[in-house]
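Reader: I've got a new model on my screen and I'd like to learn how to read it. Could you walk me through a few features?

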2 protein chains.
Amino acid sequence: MVNVVILGTGNVAYHFINGFKSVKDVDVVQIYNHTPRSLEIFNAYDTTTQVSELKTADLYLICVKDDKIQEVAKSIPFSAQAVVAHVSGSVPLLKTHHRDAVFYPLQTFSKDKAISFKDLPICIETEKQSDFDVLRKIAERLGSKVYAVNSKQRQELHLAAVFVCNFVNHLYQVGNDICAQKNLPFDILKPLIKETAEKIFTKTPLEAQTGPAKRGDDSTIQRHLDQLKDSHYKDLYRYLTTSIQKLHEF
Amino acid sequence: MVNVVILGTGNVAYHFINGFKSVKDVDVVQIYNHTPRSLEIFNAYDTTTQVSELKTADLYLICVKDDKIQEVAKSIPFSAQAVVAHVSGSVPLLKTHHRDAVFYPLQTFSKDKAISFKDLPICIETEKQSDFDVLRKIAERLGSKVYAVNSKQRQELHLAAVFVCNFVNHLYQVGNDICAQKNLPFDILKPLIKETAEKIFTKTPLEAQTGPAKRGDDSTIQRHLDQLKDSHYKDLYRYLTTSIQKLHEF
């Protein structure tokens, strides 16, 4: 049995707590947050607002904001006997404990949308190989896919994630705006959005690229620029078109 | 029974021909293309390279490149008795026939990837209401979702599709490049890409927006800019960050 204390109650904490419910041999023995209110929804668990009351555990999983990780980690007692792992994409492996680790799930989490841990990549970094094995087992019990990723690589992954998640979502927003301006429902674009994402499971993005920029279809590009009234979206269109054409050598 | 002649043999033609196979009451009676080679894979059908040999049909579905649509449409005989529909997102309703129409499937098609017509949006425009009804029935038999979309709206949809499909795919490419530079497999990003697309089925893109730009997390933004060695990707990062912050009022 691996006893786990979860520190933090945000989206990632929430989904790990839910995920661990169905994993035998992993037991969430306590949830910590400094404000009582955020612990209310976890009343089926032992909870605390005091680091001094933290239970002994095999794993402390730090799911707090990036700039609070160091502080929370330092306050954990028993650290020499436990693995202390944070779950952040952009914070390096801590150097405060003997058994520091990173357990970074590469996914976008929202509280009100269920997440499947099946096949979800979990990037693990540890100082000791034996700790890596412990964390790998936990990840595998969740059905996740384990990658050994060091701090430098993880920072690059986090950057890549900004492009394929945050920036992509913003382009969905632009599509939404264009539809809204012409009284068209955004729903009409959703099957296209889904298919575009699914395509890269069978093709590389370079192979999957289509559209006027790729074809060098200047008259369509010009008409699109004329259609865009918002000068900011116009710039964005121009910029992304140039970026595609650099790769496809126009 | 609706007899259909397909003009063109590209991706859209290919998928319509396949889709119609399972639709009773719709019969593809002929496939036209001006080059014999492109007709070879359709040898189960009656094919022709000559417009003068086109069969009489209820519907001529023009699936050729945008700049050839007008020319192909003009060459179709029997037009007064048939619906002549093109399938393009960016070409307006033709004015060459009495029964001109548009039958535009809003999706990205590749020859080597099966497409489900179920729930796929098909945007229909016709001069006559009776022709709209004919095309709606065909789309519904394919399991597709029918939208009445006029030429002006369709041009906007086509523009929106460039943002949510072509430009989004390019951002996948940037993610792929960042991974490749650090010897990380692109596979590691795929569950995130999938989830990001799925999220907008339950949230608006504005609600779904996450990341350093949205949070106003300047230190992460600066570190990401430092990480990007390619000045072009650096500009793209900066531009998209500004664009998100304009919407989220930083």
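Author: Sure, let's begin with surface. Chain A exposes about 10,800 Å², and carbon and sulfur atoms supply 48% of that. Keep in mind that this is a predicted model.

Reader: How many helices and strands are there in chain A?

Author: Chain A has nine helices and eight strands. Its C-alpha trace spans about 65 × 35 × 30 Å along the principal axes. Of the 250 residues in chain A, 58% are buried.

Reader: At what angle do the axes of α4 of chain A and α9 of chain B cross?

Author: For a pair of helices, look at the crossing angle, where 65 to 115 degrees counts as roughly perpendicular. Helix α4 (residues 151-181) of chain A and helix α9 (residues 218-227) of chain B cross at roughly 105°, with their axes coming within 10 Å. The two, α4(A) and α9(B), are therefore roughly perpendicular to each other.

Reader: Which residues in α4(A) and α9(B) meet?

Author: From α4(A), Gln155(A), Glu156(A), His158(A), Leu159(A) and Val162(A) meet Thr220(B), Arg223(B), His224(B) and Gln227(B) in α9(B). Sorted by class, this contact has two nonpolar, five polar and two charged residues.

Reader: Now a single side chain. Is Gln173(B) buried or exposed?

Author: Check the relative accessible area: under 20% means buried. Gln173(B), in helix α5 (residues 151-181) of chain B, has 6%, so Gln173(B) is buried.

Reader: What does the side chain of Gln173(B) reach?

Author: The side chain of Gln173(B) reaches the backbone nitrogen of Leu206(A) at 3.1 Å. Leaving out residues up to four places away in sequence, Gln173(B) touches Pro205(A), Leu206(A) and Leu247(A).

Technical notes. Residues are numbered from 1 along each chain as its sequence is written. Chains are lettered from A and ligands numbered from 1 in the order in which they are written. This is a predicted model: local features need pLDDT of at least 70, side-chain atom pairs count only at pLDDT 80 or more; totals for chains, interfaces and linings use all residues. Side-chain values use heavy atoms; hydrogens and water are left out. Axes are lines fitted to C-alpha atoms, for helices over the stretch in contact, and angles run from 0 to 180 degrees between N-to-C directions. Helices (H or I, at least four residues) and strands (E, at least two) are DSSP runs, numbered from the N terminus. Angles under 35 degrees count as roughly parallel, over 145 as roughly antiparallel, 65 to 115 as roughly perpendicular and the rest as oblique. Contact means heavy atoms within 4.5 Å. Ala, Val, Leu, Ile, Met, Phe, Trp, Tyr, Cys and Pro count as nonpolar, Asp, Glu, Lys and Arg as charged, and the others, Gly among them, as polar. Buried means under 20% relative accessible area, exposed over 50%, partly exposed in between (1.4 Å probe, protein chains only). A polar contact is a pair of N or O atoms within 3.5 Å; within protein, one must be able to donate a hydrogen and the other to accept it, and residues adjacent in sequence count only if both atoms are side-chain atoms. Accessible areas come from the Shrake-Rupley method with a 1.4 Å probe; for residues, only the protein chains shown count as cover.
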